[in-house]
Amino acid sequence: MLDLSPDEWIAIRLSLKIALVATVVALPFGIAVAWLLARKNFWGKALLDGLVHMPLVLPPVVTGYLLLISFGRRGPIGAFLADHFGIVFSFRWTGAALSCGVMGFPLLVRPIRLAIEAIDRKLEDAAATLGADRLWIFLTVTLPLAMPGLIAGMVLCFAKALGEFGATITFVSNIPGETQTISAAIYTLTQVPGGDAAAGRLVLVAIAISLAALVAAEWLARRAGTRFHGE
Amino acid sequence: MSMLAVDVEKRLGDFSLAARFETAGGVTALFGASGAGKTTLVNMIAGLLPPDRGCIRLDDTVLFDSAARIDVPAHRRRIGYVFQEGRLFPHLSVAANLDYGRRMRGLARDGAETARIVNLLDIGHLLDRRPGKLSGGERQRVAFGRALLMRPRLLLLDEPLASLDAARKREILPYLQKLRDEAHVPMVYVSHHAGELKRIATAVVLLDAGRVAATGGLEVLDAATAELMA
């Protein structure tokens, strides 16, 4: 079987942590943006839509660079967060989670938006006549009915975060134990003589994690689906 | 005596509605051809659609008054609404659907009242099911129960039998008559079937092309259908 070295385990654990934190923290923002895009008409909607999809079409290095100059220690946002809240992104795993979250964001938003658009708004009217205000309608009708989209979005975002390379390495570099994810570790191993075996092991791990995420998503989506059809 | 007073105007594209009527409890039939504005009217009473002008009062509460800029939102009107297609929440069990209005309004659990309505509508054996597994008739009975259990001051029924075949309609009508006689909630019942209304209504408002053409007792139905035949 795979005989993983401690360094490899560290990269794997770090990758999972970064991808998980990126997905969970991005989720509320993703739901809010998806809801705005699905339901509201406002000035600058096209701009917001474009901005959300930017990381999908930009070269990841460019996204990473933009993160570096805005969220870096001397960047306007990075300096503000560091001075007022003690949140530091540059060369930390939190920065890796930020870049992974940004890169995964369009993949998170899209399925949630489609799910919200597909909801029969007459059900929300029915909830209103039963005494639910807008917040309760959202929590008890809109969100549960959008659950399959939420699951799909989270899995796509998680998978993207797990494999993210370009933006992360540009923004927070490739520091073992801090920002070196599986992808970065594989890249490093392919650059040194005799690293092939270790790279191969990490490749297998990456495949296994991705497959597990897909299977889990399928299972969750099916469960959410049967809830509607009352099996 | 519970009383609903409606005097509203609304323009929707080419269609304009200007309707004025009052009811005094019982079951008021809102009768008219398709496109006469029946659903538009009940949506305004429910608070789902704002009138352009006018006012709506229920007993001594003003629900809408354009002059005084009053527009009580739907969720605070306490008006139950049974839709043509039921509109049960597909992600909730029948029991949770029935309980939804009570939860949203923050009312105390009332097991006796729930049991009474569940028995009245004969839906006790459906409580654990999801709406997707119900027949059309069962679905509408649950929709009646859901609207009643939020303890409405008024119940709006918009073509509640229209999606059902003749056999299902015959199955449901007795339940509706029981509701009228035992639930003690005034109703506004929308339909374009005079036969159905004769079995259930106590007063009639005839709507034609967005205007109230006649009001009165069940004889209005006979006159209107005779006119259609002529």
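**Talking through a predicted model**

Biologist: What share of the 231 residues in chain A is buried?

Modeller: In this predicted model, buried residues make up 40% of the 231 residues in chain A.

Biologist: What makes a residue count as buried?

Modeller: You count the other C-beta atoms within 10 Å of its own, and 20 or more means buried.

Biologist: Okay, and how many helices and strands does chain A have?

Modeller: Eleven helices and zero strands. The C-alpha atoms of chain A fill a box of roughly 70 × 45 × 30 Å along the principal axes.

Biologist: Over to chain B. Why is α3(B) called roughly antiparallel to α4(B)?

Modeller: Helix α3 (residues 111-121) and helix α4 (residues 136-149) of chain B pack at an angle of about 155 degrees. Angles over 145 count as roughly antiparallel, so α3(B) is roughly antiparallel to α4(B). Their axes are 10 Å apart, and the crossing is right-handed.

Biologist: Which residues make that contact?

Modeller: From α3(B) come Thr114(B), Ile117(B), Val118(B) and Leu121(B). The α4(B) side brings Arg141(B), Phe144(B), Gly145(B), Leu148(B) and Leu149(B).

Biologist: What makes Gly145(B) polar or nonpolar in your tally?

Modeller: Gly is among the residues that count as polar, so Gly145(B), part of the contact, goes in that class. By class, the contact has six nonpolar, two polar and one charged residues.

Biologist: And where the chains meet, how many residues does each one give?

Modeller: Chain A gives 18 residues and chain B gives 21. On the chain A side, α6(A) gives the most, with six residues. That side divides into ten nonpolar, four polar and four charged residues.

Note on methods. Residues are numbered from 1 along each chain as its sequence is written. Chains are lettered from A and ligands numbered from 1 in the order in which they are written. This is a predicted model: local features need pLDDT of at least 70, side-chain atom pairs count only at pLDDT 80 or more; totals for chains, interfaces and linings use all residues. Two residues are in contact if their C-beta atoms, placed from the backbone, lie within 7 Å. Helices (H or I, at least four residues) and strands (E, at least two) are DSSP runs, numbered from the N terminus. A residue is buried if 20 or more other C-beta atoms lie within 10 Å of its own, exposed if 12 or fewer, and partly exposed in between; C-beta atoms are placed from the backbone. Axes are lines fitted to C-alpha atoms, for helices over the stretch in contact, and angles run from 0 to 180 degrees between N-to-C directions. Angles under 35 degrees count as roughly parallel, over 145 as roughly antiparallel, 65 to 115 as roughly perpendicular and the rest as oblique. A crossing is left-handed if the near helix is turned anticlockwise from the far one by less than a right angle, and right-handed if clockwise.
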